[in-house]
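Visitor: I should like to learn how to read the features of a protein model. Please begin with the general idea each time and then turn to the case at hand.

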Amino acid sequence: SDIWAASALLAEVFSSELGPVQRQLVQLEHVVGIGGRHGRTALFVAEEQRGGRSRLVGFVEMFTQEYLSASLPPGSPAVLAGRLKPYVASLAVRQAARGRGLGAELVRACEAAAAGKGQRIVQIQVESTNEVALRLYARLGYRVVAMDTRARKLVGDVFFGESVLFTKLTLEKTLGGDAT
């Protein structure tokens, strides 16, 4: 049920412009993706209590170095796996819960998990037009290290969606001091 709730939140936050049928398809795509990666990535949630019930209001998934290394094609040089950095793949906070620091708490949980595995750097990829996210990441100490002006994303669902160009920024933070 947590995967279903997280998938619903991701569809709500990232696909709000879609109709209900397309949003349901996007939610199912998230269920398959998160479920397929379950146990191999780091997942954190923020919940609030309301009327004696718990409600998911924030979610983040971090692709760990182990997960990324396992995703490399067979025969990839070992040195390549060592260069992979964990990165925050999805961060979503319900609109009504924004402004309370939940996004920062979720990102810090990812940083702590990465540091606990001996990682010194965490990356985040974000659209260049997502000013709210960029301000958050800057406050948390992330800096832009790369820009891809030819990135593509799927807008809509896998059946009826459209591939569109956008500018993707890669941000990076060194944990616990400067990288050597």
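Guide: Let us start with the fold. Helices (H or I, at least four residues) and strands (E, at least two) are DSSP runs, numbered from the N terminus. Along the sequence, the elements here follow the order α-α-β-β-α-α-β-α-β-α-β-β, which comprises six helices and six strands. This is a predicted model, in which local features need pLDDT of at least 70 and side-chain atom pairs count only at pLDDT 80 or more, while totals for chains, interfaces and linings use all residues. Residues are numbered from 1 along each chain as its sequence is written, and side-chain values use heavy atoms, with hydrogens and water left out.

Visitor: How compact is the protein for its 180 residues?

Guide: The radius of gyration is taken over C-alpha atoms, and the globule rule is 2.2 Å times the number of residues to the power 0.38. For this protein the radius is 17 Å, close to the 16 Å given by the rule, so it is as compact as a globular protein of that length. The C-alpha trace spans about 50 × 35 × 30 Å along its principal axes.

Visitor: What share of the residues is buried?

Guide: Buried means under 20% relative accessible area, exposed over 50%, and partly exposed in between (1.4 Å probe, protein chains only). Here, buried residues account for 38% of the 180.

Visitor: How many salt bridges does a search of the whole structure find?

Guide: A salt bridge is a side-chain nitrogen of Lys or Arg within 4 Å of a carboxyl oxygen of Asp or Glu. The search finds seven. One of them joins Glu-12 to Arg-94, with the closest N and O atoms 2.4 Å apart. Glu-12 belongs to helix 1 (residues 2–14) and Arg-94 to the loop between strand 3 (87–93) and helix 5 (102–116), so the pair ties together parts 82 residues apart in sequence. Glu-12 is partly exposed at 30% relative accessibility, whereas Arg-94, at 11%, is buried.

Visitor: Which residues are joined into one network by salt bridges that share partners?

Guide: Let us take the pairs in turn. Glu-48 meets Arg-50 in a salt bridge at 3.5 Å, N to O. Arg-50 is exposed, with 54% relative accessibility, while Glu-48 is buried at 13%. Glu-48 also forms a salt bridge with Arg-100, their closest N and O atoms being 3.4 Å apart. This second pair links distant parts of the chain, since Glu-48 lies in strand 1 (residues 42–50) and Arg-100 in the loop between strand 3 and helix 5, 52 residues apart. Arg-100 is partly exposed, at 47% relative accessibility. Through shared partners, the network comprises Glu-48, Arg-50, Arg-55 and Arg-100.

Visitor: With which side chain does the side chain of Thr-41 make a polar contact?

Guide: A polar contact is a pair of N or O atoms within 3.5 Å; within protein, one must be able to donate a hydrogen and the other to accept it, and residues adjacent in sequence count only if both atoms are side-chain atoms. The partner of Thr-41 is the side chain of Glu-61, at 2.8 Å. Thr-41 is placed in the loop between helix 2 (20–37) and strand 1, and is buried at 12% relative accessibility.
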